[in-house]
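I opened my notebook for a fresh look at this one. Here are my entries, in the order I looked things up.

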Amino acid sequence: MKVRLSLFLAASSVVLAALPAFTARLPRYGGTLVMDVGATVNSIDPSVAQANSDDGDTKEQIDGLLYAQKNADGTFAGAGPFRIQSFTPDRKALLVADGQFEGGRPFLDAIQIEMGRSLQDRLIDLQLGKADLAEIPADQARQAAERGIRVSRSRPDELIALVFNSKRSRANDPRIRKAIALSVDRDAIVNFILQKTGEPAGGLLPQWSSGTAFLFSTAADPVQAKQLWSQLAAPPTITVGYDANDSLTRSIAERIEVNAQGTGISMTAQSLPNAAALSVDARVMRLRMPSPVPQVALARFIDALNPLAGLTVSGTALGDPADPQQVYNTESTIIGTYSVVPIAWLPRVFGLSDRVRDWSTPGPGDDWPLANVWLDNIDVQSKKGTS
Amino acid sequence: MAALVQKIAGIASASQPATLKIDNISSLNEMDASTIEQALESELGKRLQLVPQGTAATQITITLSEGETGYVWVAQVGSGTPEQTVMVSIPKQAGNSARAERPAMTLQRKLIWSQVQPFLDFDLPDGVAVNGPGMIVLEGSSVNFYSSVNGQWVAGKSIGLKPAIAPVRGARGMIWDSGEEIDMFVPGESCSGVVATLPELVCAAYPSTNPAGNWPLVAGTEPQDAQFESNRNFFSGLATATGATESAVPAFYTAAAKATSNGTAWLVAGVDGKAQLFNGSKRLIATFSGWGDQVATVDTGCDDSWQVLTTGTGDSMEPDHIQIYDIRKYPQSQTSAQSTSSQSETTPPEAVAVGQPLDFSGPILAMWPSTDLKSARIVSLNLQTGMYEGSIISVSCGE
């Protein structure tokens, strides 16, 4: 039986008054987005590569806004969505929209990048509305959210792993590697050190990429770890290194040390002055996925791990596209040696101001998607940034 | 599916009873997963001796999983020896079948089409020739035709577009289906054709065929042109009879019209985020807020009042919804306008939400009313699957 629509009116009616609020859904054009970055960039010459200790890829990301494509040799070419308007080395860059960009003019008029901002400065700028966008370390994401900062995180794409040094004799006994692997309490690391921003890692690829990560166990087994260790005739003391400039890998290395000692394994965590230092039996490494495609990411990880771990498998054997069975078998072979012990997956985290719209946290290999971002309430905060 | 069954049969003994357990950890919905589970069980049952859980030596666990490049179906087979793992990849296909989704109160959604690539609009023209295209999908750089074969959409002719302007970010597009003729608009180019001779189309870049850059809007009795800003994503205003921009109505994203005896009343979703109601004399008589940027008149047939569909606020990373509003106390006729005129000075028009909103799992990117106003075409992004979806929204008066 049909009921007249008007019957519904009385039952569930909400009268909208004429309120002067601002709402949006379709993109607005205009405004200057202010972005804080921790790194400093001293040249915008695309041929100059620059490694940054904090934000890592800031120079490359800026290049990604200025140029249309990145060549296989790492150089950039073609006009991008923004042009450089002004640049003060290590301090500030102002990028303006290119109305003729072949992919369409960006919605923003300009991006003002403030460089060398400490984490505290970035968080305060976001809180005070002085910045629209800033990267936040994953382990600080929860604290930032508790401070009222709008937080955006990617799918987990950075692997933290314990990698054994194949050139050290103490790491060559598979019972030692397996015992240590089984002693690691990944859940505790994710819950307490990463403040639940991340997830335990059992494989070399995250579930969202490979679809098979669920096949790898992430559970600790201290009983079996203790049994394995007790089989050693002369148990050694294992040294685990971490990057002296990276507080997160330090915390994780120290937690691995606590877990190991809890099962009777003798272990010492120690800081390393530089990334290449090989004077330890194992080290905690961070590996960011270069691509969401499983075989591409796995091949790059194998290349990155090989100098330390001395893996017997090669990533070049993976086809394109690779059969998931092939990717899984390769992953499984590496994990089965216990030369690489995946610990946790971290997302990439950004803090945003309330007026930022259509921001999608970049995934592996992605540029900052600022050509698609637009600002709501532009007039309200037009005092910000450079017009 | 056959490949996975083959692999499982290759490692499990046909003579030994086996139990089967299937888990779904992918984005497949319950109904699709259930269909797959039944099919797997049926196929495996032909090759193996399947028995209830706990009564067999061989355990087969199939997990419907998902990775970046598609679905991954994983089988773990254990039979005393170390467990063996085999898997197959299943590409994600464009949705092919039209299926109705559960109606939400008086709003009903019929999912027509889904695809990985973004698209701007779609249409199901009536009166196409035998074996002619039953569906048109307008993308930013092409017009794609599909024919219905055994209930499945099969890709046909594709016509590339070459707009005469620089590419526009966030571009919009529209298909205007007047019954016998059909027009398509994207910034900088339009195409025209006769429904009976589709997929033949004549496409021409602005400004040769459309100097003012006008797009038609559904206005009830006859179309009303509006000037589309080709290098942006909004209309600069309604067009006058001479093609100039009507100055009384501000720039807007979408507009809903209602014919009255003293002209067409317009409700426009302005670029300032406000929905403004203009009477037949183009005088602003009310402003509403809290709505998104898409409005469309819908002729529900439930009563004589003016109902509009509106989308929600937010951005393209958030779920969206459609809500029906009943526009009340607007001047509808000369007579009632006079009586309402004095009334409206004290009681301005109101927008009253009707029924429950119809939720979408992602942003609604386009909402265009059908030319008969009986329904609206929706293009949305499903944030759970990453697919762009085309749906028809209609309103029923309730059961």
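What pLDDT does chain A average? I began there since I have a predicted model in hand. Chain A averages 86, and 87% of the residues score at least 70.

Next I looked up how the elements of chain A rank. Helix H1 (residues 6-11) of chain A has the lowest mean pLDDT, 30, while strand E15 (residues 340-346) of chain A has the highest, 98. I then checked the weak stretches. Residues 1-23 of chain A have a pLDDT below 50, and the model gives this stretch 51 contacts beyond near neighbours in sequence. Residues 380-387 of chain A are also below 50 in pLDDT, with 14 contacts beyond near neighbours in sequence.

On to a sheet in chain A. I found 6 strands in an open sheet with mixed pairing, and I noted the order as E11-E15-E10-E14-E12-E13. Which strands are at the edges? They are strand E11 (199-200) and strand E13 (267-272) of chain A, each pairing on one side only. I followed E13(A) inward: strand E12 (residues 238-243) of chain A pairs with E13(A) in the parallel sense, over 6 bridges. In that pair, I see Ile238(A) opposite Met267(A) of E13(A). Helix H6 (residues 186-193) of chain A packs on this sheet and touches E11 and E15 of chain A. I noted an angle of about 30° between the directions of helix H6 and E15(A).

Last, I turned to chain B. I have 3 helices and 29 strands down for chain B. Of the 399 residues in chain B, 44% are buried. Among the contacts in chain B with a separation of 6 or more, 49% join residues 24 or more positions apart.

Methods: Residues are numbered from 1 along each chain as its sequence is written. Chains are lettered from A and ligands numbered from 1 in the order in which they are written. This is a predicted model: local features need pLDDT of at least 70, side-chain atom pairs count only at pLDDT 80 or more; totals for chains, interfaces and linings use all residues. Helices (H or I, at least four residues) and strands (E, at least two) are DSSP runs, numbered from the N terminus. A residue is buried if 20 or more other C-beta atoms lie within 10 Å of its own, exposed if 12 or fewer, and partly exposed in between; C-beta atoms are placed from the backbone. Two residues are in contact if their C-beta atoms, placed from the backbone, lie within 7 Å. pLDDT is the predictor's confidence in each residue, from 0 to 100. Two strands pair if DSSP finds at least two bridges between them. Axes are lines fitted to C-alpha atoms, for helices over the stretch in contact, and angles run from 0 to 180 degrees between N-to-C directions.
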